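Dear colleague,

Please find below the structure that I am handing over to you, together with some notes on what was found in it.

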Amino acid sequence: MAAGWEPRPSAGADAYGADGAYGSDGPEWRPVLDVAPPGRQRRWTVLLRWLLLLPQFIVVALLSFVAFFVTIAGWFSALVLGRLPDPIASFLGAVLAYQTRVTASATLLVDRYPPFAFDAPDYPVRIELRATPLNRLAVFFRLILMIPAAIISSLAQSGWFAISWVFWLIGIILGRLPEPIFGATAAVVRYRMRLAAYATMLTPVYPKGLLGDAPEAAAQPAYSATRPLRLGTAAQVLVWLFLLLGLAGHLTSGTIDYDARDDHPGAAAGRVAG
């Protein structure tokens with residue numbers, strides 16, 4: 001496994017390929033997420049989790065700001081070269097690994113505080129990326145192509161956030177996350193990571209696996225609790241609940257905004273003027 005970006009994949013290594021199976025070293029590599037199995041968590045850190053992570057959120061925001069401009073440079077480079085230059089890929093991969101560690105901690109997947117460092121080989125959350133060629137046409141239309149996956153990711157994250165207070169209470173009471181909650185949350189975090197990798201051209205493979213890995217991949221020996229990601233019926237039901245809650249939230253917000261514009265004809269003009 002590699003934390004962040006592995007510029008040149010090792011030949012013959014057991015790994016998930018584009019089809020989600022081990023030992024597939026084809027031209028496409030689906031980014032993978034490794035998280036340690038769910039264990040006991042300190043109740044006081046669960047209680048104060050987001051407060052403790054405030055410094056990390058600030059760092060992630062700053063890194064994301066820089067990564068935005070680096071991604072633009074990478075987009076132009078990929079159009080010319082058909083791949084990301086190694087320095088750009090290394091930086092974006094490191095930022096994505098950092099973001100994923102913070103996200104995993106914020107969603108209660110792990111209890112250990114994420115380090116303020118790009119390289120964290122001992123942290124129980126890691127991602128693996130591999131350099132693969134990029135299709136220039138797909139790079140050119142990347143913003144359009146990623147819209148469906150971005151919508152799914154947004155709905156799943158919104159739905160998770162809507163009931164995250166329940167998971168927070170469960171974590172405080174039990175001192176751990178039950179397996180279905182852990183699996184469903186990990187699925188959302190992994191999908192978000194894969195979408196970010198696709199958006200930043202770290203992978204040409206479209207985000208998949210929100211409901212867990214395919215049966216042939218899930219049957220393989222486990223490298224970690226999320227590799228392969230085996231979701232039981234309860235966990236899959238939770239993922240669908242996230243999507244439905246996210247959709248309901250977006251529809252409700254749209255309805256409220258629409259009604260507000262009807263009730264106050266000058267509101268829209270005021271927002272534009274402001």
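The notes below go from the chain as a whole to its pockets.

This is a predicted model, in which local features need pLDDT of at least 70 and side-chain atom pairs count only at pLDDT 80 or more, while totals for chains, interfaces and linings use all residues. Residues are numbered from 1 along each chain as its sequence is written, and side-chain values use heavy atoms, with hydrogens and water left out.

The protein chain holds twelve helices and three strands (DSSP runs, H or I of at least four residues for helices and E of at least two for strands, numbered from the N terminus). Of its 274 residues, 45% count as buried, that is, under 20% relative accessible area with a 1.4 Å probe, protein chains only.

The largest pocket (on a 1 Å grid over the protein atoms alone, an open set of points where a 1.4 Å probe fits, with protein on both sides within 12 Å along at least five of seven lines) has a volume of about 590 Å³, taken as the space filled by probe spheres set on the points, which are joined across faces, edges and corners. It is lined by 24 residues (those with an atom within 4 Å of a point), and Phe-68, Thr-71, Met-146, Ala-199 and Thr-200 are the closest to its centre. The helix α3 (54-81) gives the most to this lining, with six residues.

The second largest pocket contains about 320 Å³ of space, and among the residues closest to its centre are Gln-157 and Arg-192.

Best regards

How values were computed
Buried means under 20% relative accessible area, exposed over 50%, partly exposed in between (1.4 Å probe, protein chains only).
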